[in-house]
Amino acid sequence: MTPTLASPLTPKQKLVWSLLSKGVSASAIANRLNTTRQFVNQTKLSAEAKLSTTLLDEAQANDLQVTKLYPKNGILLGYHPVLKRKAILTYSTNYGIKVWYWHNNPEEVTDPAFLNQVHQYLIDIAQDRCIEIDATNKLHPSRLAHQIFSKLIPELNT
């Protein structure tokens, strides 16, 4: 599989990044892959560098001003000056790069297919990062997004 803008990591980087995101230790990953901790750590650093570059490229392509970059979490917090909205770029091993814009009245979005798609993506983000969330099926995706992203981005809590 060739890395792309939407999914910039090689399969090995993707696996190491995913396992580390889930809290698996470098030693356990090295044992699982029959390699060294040094290889795991170098792969992690390489994956984070690729994610940083890709997230910054996507921010530029979407005219976002970068507020904060979290390569370890595969997240970029930004602001769109024309739309006057916060934006979050996320990376998921299953879905690649996505752009999220904060909406003033998210409950106005009622398309069931779209809401289900967003809900599934958010659950994937939470599972990728071992984030415990409450009442996921009863929450509108905007509230679920806030619950998840608040745990990953400290600036959202201010």
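Me: Which side chain of opposite charge is nearest to Lys 14, and how far away?
Reply: Asp 128, at 9.1 Å; Lys 14 is buried yet has no salt bridge. Buried means under 20% relative accessible area, exposed over 50% and partly exposed in between (1.4 Å probe, protein chains only). A salt bridge is a side-chain nitrogen of Lys or Arg within 4 Å of a carboxyl oxygen of Asp or Glu. Lys and Arg count as positive, Asp and Glu as negative, and His and the chain ends are not counted.

Me: What kind of model is this?
Reply: The model is predicted: local features need pLDDT of at least 70, side-chain atom pairs count only at pLDDT 80 or more, and totals for chains, interfaces and linings use all residues. Residues are numbered from 1 along each chain as its sequence is written, and side-chain values use heavy atoms, leaving out hydrogens and water.

Me: How many salt bridges are there in the whole structure?
Reply: A search finds 2. Lys 22 and Asp 128 form a salt bridge at 3.9 Å, N to O. Those two are 106 residues apart in the chain. Asp 128 also forms a salt bridge with Arg 129, with the closest N and O atoms 4.0 Å apart.

Me: Is Lys 22 buried or partly exposed?
Reply: Lys 22 counts as partly exposed because its relative accessibility is 37%. Asp 128 is buried, with a relative accessible area of 4%, and Arg 129 is buried too.

Me: New topic: what is the strand order in the sheet?
Reply: The open sheet of 4 strands has the order 1-2-3-4, with antiparallel pairing. Two strands pair if DSSP finds at least two bridges between them. Strands (E, at least two residues) are DSSP runs, numbered from the N terminus, as are helices (H or I, at least four).
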